[in-house]
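Please open the model in your viewer and keep the selection tool at hand. The tour moves from single residues to the whole chain.

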Amino acid sequence: MTPRAPAQARGRVDFETSDADLAQQYLADMYGRSLRTTGLGTGSLRHSRMGAGSFAVDDIELPMELDFAADSLGLLIVELRAGGGHRDLGGVHEEAGPGDVLLLTQPGLPYRARYRDTHSRAVSLDMSLLARALPDAPPGPARFTGYRPATCAAGRHWARTVDYLTELLANPEASAQPLIIGTAARHLAATALATFPNTMMPGHRPCDRTDATPPTLRRAVEFIESHAGSDICLGDVAAALRVTPRAVQQAFRRHLETTPTEYLRRVRLERAHRDLLAADAGRGETVAAIARRWGFHSLSRFADRYRAAYGEPPSRTLRT
């Protein structure tokens with residue numbers, strides 16, 4: 001049986017086959033029914049996926065030459081680690097070799113590619129994440145206008161980000177926490193927008209300054225404090241208040257000298273402190289579990305923040 005694990009599935013899937021029919025069915029399950037593959041010869045397709053719901057990270061080995069074609073797929077970004085090939089997206093032809101990072105596909109554009117003896121790491125990304133990552137963007141769907149990183153440094157940063165998220169997904173305790181995965185997904189989308197040229201550059205609006213008032217700040221604080229346990233971002237706060245994200249940012253900077261994101265982090269740190277005070281270490285409750293519950297993936301950073309805020313390490317609070 002071919003395991004079916006679409007991009008929105010969570011968890012890990014590993015697959016290997018030298019059967020051309022199984023390989024074609026499997027790749028269609030992974031990347032969309034419109035994907036067509038030809039050329040699977042004597043080699044074996046090896047594919048591993050770690051899915052997080054709104055994004056997935058795949059490691060793919062193709063020790064053969066393989067052709068791909070599709071009328072339209074979603075957003076797929078590939079880093080080639082060995083081998084090479086070429087692809088045509090919307091009439092733009094690109095050659096690729098080891099170390100290259102390519103925006104391989106985007107919605108609405110036909111795609112054709114041929115790869116030979118490749119090992120790559122690919123990221124499938126839900127397009128709706130782009131708007132959440134950049135809430136000040138102009139209205140309308142995102143469109144990438146370039147298919148290679150804007151700079152070599154941007155390409156390296158993309159690869160490091162994906163490596164970090166791969167480690168996060170491999171940690172079952174961290175990847176099970178909605179706040180951590182939600183933050184990671186938006187970070188990945190923001191990195192994609194910073195890596196490849198696109199149409200989602202934010203602009204200023206005349207109403208931003210007039211909406212950055214104490215009542216806007218009060219309502220934003222109330223929203224954040226009542227939804228701190230949910231996977232919220234700046235765009236959610238602005239939508240609830242019916243103002244622009246920039247107005248919310250300016251209200252926090254003007255009246256509290258901080259940012260909405262930093263304020264949310266402080267609220268979550270206070271909730272973690274409260275949980276640590278109420279926890280019982282003798283019943284198996286841990287600092288790590290409480291930190292991850294409130295969206296803190298890095299335990300060392302959590303401990304540093306906690307010590308700065310409360311004058312003691314979180315482990316001491318738990319033991320008290």
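In which helix is the place of His273? Select residues 260–278, which make up helix α10, and you will have His273 within the selection. Bear in mind throughout that this is a predicted model.

With His273 still selected, is the residue buried or exposed? Its relative accessible area is 17%, and because the limit for calling a residue buried is under 20%, His273 counts as buried. Now extend the selection to what touches it: apart from neighbours within four places in sequence, His273 is in contact with Tyr306, Tyr310 and Thr317.

Next, go to another histidine. Select residues 45–52, which form strand β3, and pick out His47 in that strand. His47 is buried, its relative accessible area being 1%. Which side chain makes a polar contact with the side chain of His47? Display Tyr31, whose side chain makes that polar contact at 2.9 Å. Tyr31 also belongs to a longer list of residues in contact with His47 once neighbours within four places in sequence are set aside. To show that list in your viewer, add Val13, Asp14 and Phe15, then Tyr26, Met30 and Tyr31, and finally Asp58, Asp59 and Ile60.

Turn now to the cysteines. Select Cys152, which is exposed with a relative accessible area of 63%, and then Cys233, which is buried with a relative accessible area of 10%. How many disulfides does a search of the whole structure find? The search finds 0, so there is no pair of cysteine sulfur atoms within 2.5 Å to display.

Finally, clear the selection and show the whole chain as a cartoon. You can follow 13 helices and 8 strands along the chain, and its C-alpha trace spans about 60 × 55 × 30 Å along the principal axes. If you colour the 320 residues by burial, 48% of them count as buried. Among contacts between residues at least 6 apart in sequence, 72% join residues at least 24 apart.

Switch to a surface view to finish. The accessible surface of the chain comes to about 15300 Å², and carbon and sulfur atoms account for 52% of that area. Colouring by charge brings up 40 positive and 36 negative side chains, and the centres of these two sets lie 6 Å apart.

Notes:
Residues numbered from 1 in each chain as written. Predicted model: local features only at pLDDT ≥ 70, side-chain atom pairs only at ≥ 80, totals over all residues. Heavy atoms only, no water. Buried < 20%, exposed > 50% of the residue type's maximum accessible area, 1.4 Å probe, protein only. Helix = DSSP H or I, 4+ residues; strand = E, 2+ residues; numbered from the N terminus. Contact = heavy atoms within 4.5 Å. Areas by Shrake-Rupley, 256 points an atom, 1.4 Å probe, with all protein chains shown as cover. Lys, Arg positive; Asp, Glu negative; His and termini not counted. Charge placed at Lys NZ, Arg CZ, Asp CG, Glu CD. Polar contact = N/O pair within 3.5 Å; in protein donor to acceptor, adjacent residues only side chain to side chain.
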